[in-house]
Amino acid sequence: MTEKYYEKDSFLARFDAVVTGCTPEKDRWAVTLDRTAFFPEGGGQPADHGTLGGVKVLDVQLRAGEVVHTTDGPLEVGAPVTGQLDWDRRFDLMQQHTADHLFSGLVHRELGLENIGFHIGEELVHMDFGAEITPVEIDRLELEANRLIAENRPIRVLFPDEDALAGMDLRSKKELDQLEGAVRVVEIEGVDLCACCGTHLSSTGQMGLLKITGCQSYKGGVRVFLAAGGRAVRLAQREHRQVEAVSGLLSAKQPEIVAAVTRLKNDAAEAHLALGQLQSQLIAVKAARYAGRPHPVVFEPGLAPDDLRRFALALCDGGAALGAVFSGGEGNYKYALASDGSVDLRALGKEMNTLLAGRGGGKPGLVQGSVAAERAQIEVFFAERGFGE
């Protein structure tokens, strides 16, 4: 059985070991050691990466209690090797996992809610809680978390015996009787006491910063997203640059950009409404040119789907039994067909789609879609059926 250095010393990044197994798996190798500092994926925390001897460690998993290192090359069984963790990755994961404990511990202490799910992603950490948490409470707990970071509270890893464990008020993600072997407890002094297999910082100050980035309703509760340490700083830098750019585009000071965007949105809505009214008037004028024609087939550039529909209906309002309007270019026309009720357009539209490589549908009095045909083909189709005069 592998001796697990990571359980007792999260800061051990280099170690010596002996290879106890090496099995090929497709284009990779499954390597076991007599001891390791590589953390295997588990409990919401991704695996460590790094090197063993001259090969890369691409993944680490726990299989039947054995730590298995997936490498990109073979190692000799019985040979001594030196393992080197990707320390930047390990330290980042320690910051994120400890941030989860700090915030979840505060949620448990202040609101009485349990953390029922946790995962460290590529950019953000998410934590799931079994009930809603208001934005005001989220902000308050975020401030408290960062106050505790500034206090540099100690973080300890404990392996209590049965008597000591029985007296502990643990916040645990799983029942203790589901845990294998000795129970490992991570303590953030005065904040959290939780059974956990992951790697952690030795003090809260090493986290630097904890930033809540968003919340969403999830399975009757709430999913909270956060970033800590270097991730939080990079996120703040990126968002500041974006806010700065938007501020420049709006010619507004940064504290005023919400008001500026609101004004811009309202102006755009008013302009869109006015444009729609003018477009409807223009369509009515153009449709009036076909008044008295029983089956006009019209080609009009630059029409959106709603405009096509309005145009076809306007033709029927002007006396047409069938109005067909097409807009687009050769080989790619969108269409709307309207009827005064004397023509069931579903059959006509289906036939047109079949013959002119089209698609679409609708009701007996109105169908819309598109065809991959040229104008001449469309005109022939309607002429052969007695329409278009």
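A crossing of two helices is left-handed if the near helix is turned anticlockwise from the far one by less than a right angle, and right-handed if clockwise. Keep that handy for the exercises below, and remember that this is a predicted model.

**Exercise 1. Work out how H5 and H6 are arranged: what is their angle, and which hand does their crossing have?**

Step 1. Find the two helices: H5 covers residues 257–288, and H6 covers residues 305–317.

Step 2. Look at the geometry. The helices pack at an angle of about 40 degrees, and their axes are 9 Å apart.

Step 3. Put a word to the angle. Angles under 35 degrees count as roughly parallel, and 65 to 115 as roughly perpendicular. H5 and H6 are therefore oblique to each other.

Step 4. Add the hand: H5 and H6 cross in a right-handed way.

Step 5. See who does the touching. On the H5 side the contact uses Gln279, Ser280, Ile283, Lys286 and Ala287, while H6 brings Asp307, Arg310, Phe311, Ala314 and Leu315. Sorted by class, this contact has five nonpolar, two polar and three charged residues.

**Exercise 2. Now do H4 and H5: at what angle do they cross, and which residues meet?**

Step 1. Start with the axes of H4 and H5, which come within 10 Å and cross at roughly 50 degrees. That makes H4 oblique to H5.

Step 2. Check the hand. For H4 and H5, the crossing is left-handed.

Step 3. List the partners. H4 offers Val243, Ser247 and Leu250, which meet Ile257, Ala260, Val261 and Leu264 of H5. By class, you get six nonpolar, one polar and no charged residues in the contact of H4 with H5.

Step 4. Zoom in on one partner, Val261, which sits in helix H5. Val261 is partly exposed, at a relative accessible area of 41%.

**Exercise 3. Which residues of H5 are buried, and what covers them?**

Step 1. Pick out the buried ones: Ile257, Ala260, Ile283 and Ala287 in H5. The cut-off to use is under 20% relative accessible area.

Step 2. Ask what lies over them. The cover includes helix H4 (229–250) and H6.

Step 3. Tie this to the contacts. Ile257 and Ala260 turn up in the H5 part of the contact with H4, and Ile283 and Ala287 in the H5 part of the contact with H6.

**Exercise 4. How do the end-to-end spans of H5 and H1 compare with what is expected at 1.5 Å a residue?**

Step 1. Take H5, with its 32 residues. From first C-alpha to last it reaches 46 Å, close to the expected 46 Å.

Step 2. Take H1 (residues 87–111), with its 25 residues. The expected span is 36 Å and the end C-alpha atoms of H1 are 35 Å apart, which agrees.

**Exercise 5. Where do Lys26 and Ser251 lie, and what is the sign of phi in each?**

Step 1. Recall the background: most residues other than glycine have a negative phi.

Step 2. Check Lys26. Its phi is near 55 degrees, a positive value. Lys26 is in the loop between strand S2 (14–25) and strand S3 (28–33), and it is exposed, with a relative accessible area of 86%.

Step 3. Check Ser251. Here too phi is positive, at about 55 degrees. Ser251 is in the loop between H4 and H5 and is exposed, with a relative accessible area of 71%.

Step 4. Finish with a glycine: Gly112, just after H1, takes a positive phi of about 70 degrees.

Note on methods:
Residues numbered from 1 in each chain as written. Predicted model: local features only at pLDDT ≥ 70, side-chain atom pairs only at ≥ 80, totals over all residues. Heavy atoms only, no water. Axes fitted to C-alpha atoms, helices over the stretch in contact; angles between N-to-C directions. Helix = DSSP H or I, 4+ residues; strand = E, 2+ residues; numbered from the N terminus. Parallel < 35°, antiparallel > 145°, perpendicular 65-115°, else oblique. Contact = heavy atoms within 4.5 Å. Nonpolar A, V, L, I, M, F, W, Y, C, P; charged D, E, K, R; others polar. Expected span 1.5 Å × (residues − 1). Buried < 20%, exposed > 50% of the residue type's maximum accessible area, 1.4 Å probe, protein only.
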